[in-house]
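Please look over the structure below with attention to a buried polar residue, a small sheet and the aromatic pairs. The report that goes with it describes these parts in turn.

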Amino acid sequence: MSLPDVLRSRLALPVVASPMFIASGPALVTAQCQAGVIGSFPALNARPAALLDDWLHEIRESNSTFAAANPDLPVGPFAVNQIVHRSNDRLDADMEMVVKHEVPIVITSLGARPEINEAVHSYGGIVLHDVVNDRFAHKAIEKGADGLIAVAAGAGGHAGTLSPFALLQEIRTWFDGPLLLSGALAHGRSILAALAAGADLAYVGSAFLATHEANVVEGYKQMIVDSHADDVVYSNLFTGVHGNYLRGSIVASGLDPDDLPTSDPSAMSFGSTDSKAWRDIWGSGQGVGAVEGVVSVADLVGRLRSELDEARAGLDAKLA
């Protein structure tokens with residue numbers, strides 16, 4: 001199956017920048033799109049809810065203006081992430097804004113709901129659903145999702161436990177549609193590996209936290225730079241769903257990262273900026289060892305592109 005037109009857009013890099021709670025806002029998303037990747041943000045980041053209308057208008061206008069002034073440069077489309085879990089009491093109102101602005105790509109998380117997919121399809125948009133195993137992948141496609149985001153071990157925030165190679169392989173045995181890979185992708189070599197393993201696009205998150213445009217405190221950005229894979233802790237304490245978090249932020253909150261209690265999954269909680277996750281407990285993927293400094297989004301995309309080109313050339317030489 002060929003990719004939908006929106007995913008075949010001219011890009012500088014085959015990357016979707018993942019939506020990050022608190023961090024992703026219009027400044028980050030427009031910088032990502034204008035650097036030539038697909039930018040995204042969680043609808044819940046727009047607070048109060050009425051601000052979502054303004055954000056969507058701002059993103060569209062900024063990208064259109066940039067594209068008109070720079071016709072030779074690729075400008076990526078944008079995506080909005082919707083938490084479709086029943087605890088999200090904003091979902092219906094946020095979906096009205098998504099439909100009003102005809103958001104080209106909607107990323108759904110924590111549940112697959114046919115009515116959400118149908119709403120996006122009503123204006124020609126596509127839905128990508130994130131999954132942590134093959135069973136959830138089947139359910140998402142059966143309920144009308146257009147593509148999948150395989151969230152493998154090592155991904156920032158809510159993450160799975162499966163090897164990316166195992167997860168991609170299982171999904172590719174039956175699904176030939178759009179497939180993205182998430183999990184410790186912070187270097188051009190990793191992007192090439194994702195493509196070689198069967199993904200159409202790489203899903204990159206944590207590296208964008210250490211950018212000037214990310215809406216997080218400077219201490220968070222510096223901790224991303226200073227951390228390595230073994231500084232990432234996997235726990236379900238903070239939201240009820242297992243995810244990856246920076247050890248240093250857990251310690252700073254007065255908790256022992258090596259002795260965290262287990263949360264009750266039935267008490268899932270998402271979207272409150274008053275909660276410790278993600279305001280105080282900082283999410284991160286295991287790929288942070290590749291992040292060496294706080295830079296602009298344009299510089300980060302440039303680095304990833306150079307690394308990808310170098311990795312491709314190196315692979316060609318090895319296979320020659």
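The following paragraphs treat a loop residue, then a sheet with its neighbouring helix, and then two aromatic pairs.

The coordinates come from a predicted model, and the description below should be read with that in mind.

**A loop asparagine**

N45 is found in the loop that runs between strand β2 (39–42) and helix α2 (51–69). Its relative accessible area is 10%, and because this is under the 20% limit, N45 counts as buried. The side chain of N45 comes to 2.6 Å from the backbone oxygen of S24. Leaving aside residues up to four places away in sequence, N45 touches M20, F21, I22, A23 and S24, and it also touches W55.

**A three-stranded sheet and helix α8**

Three strands make up an open sheet in the order β7-β11-β10, and their pairing is antiparallel. The edges are formed by β7 (157–158) and β10 (232–235), each of which pairs on one side only. As a general point, strands of a sheet pair through backbone hydrogen bonds, in either a parallel or an antiparallel manner. Between β10 and β11 (residues 243–246) the antiparallel pairing extends over four bridges, and V232 stands opposite L246 in β11.

Helix α8 covers residues 218–226, and its buried residues are Y220, K221, M223, I224 and V225. These buried residues of α8 pack against strand β11 and also against helix α9 (247–252), and β11 is also a member of the sheet just described.

**Aromatic pairs**

The count of aromatic pairs comes to four, and two of them are set out in the table.

| Pair | Arrangement | Centre to centre | Angle between planes |
|---|---|---|---|
| W174 and F175 | tilted | 5.6 Å | 50 degrees |
| Y220 and W282 | stacked | 4.7 Å | 10 degrees |

Within the tilted pair, W174 has a relative accessibility of 29% and is therefore classed as partly exposed, a class that lies between the limits of 20% and 50%. F175, in contrast, has a relative accessible area of 8% and is buried.

What do the partners of the stacked pair, Y220 and W282, tie together? Y220 lies in helix α8, whereas W282 lies in the loop between α10 (276–279) and α11 (297–319), so the pair ties together parts that are 62 residues apart in sequence. Both Y220 and W282 are buried, and Y220 is one of the buried residues of α8, the set that packs against β11 and α9.

Methods: Residues numbered from 1 in each chain as written. Predicted model: local features only at pLDDT ≥ 70, side-chain atom pairs only at ≥ 80, totals over all residues. Heavy atoms only, no water. Helix = DSSP H or I, 4+ residues; strand = E, 2+ residues; numbered from the N terminus. Buried < 20%, exposed > 50% of the residue type's maximum accessible area, 1.4 Å probe, protein only. Polar contact = N/O pair within 3.5 Å; in protein donor to acceptor, adjacent residues only side chain to side chain. Contact = heavy atoms within 4.5 Å. Pairing = 2+ DSSP bridges. Phe/Tyr/Trp six-rings, centres within 6.5 Å; stacked < 30°, edge-to-face > 60°.
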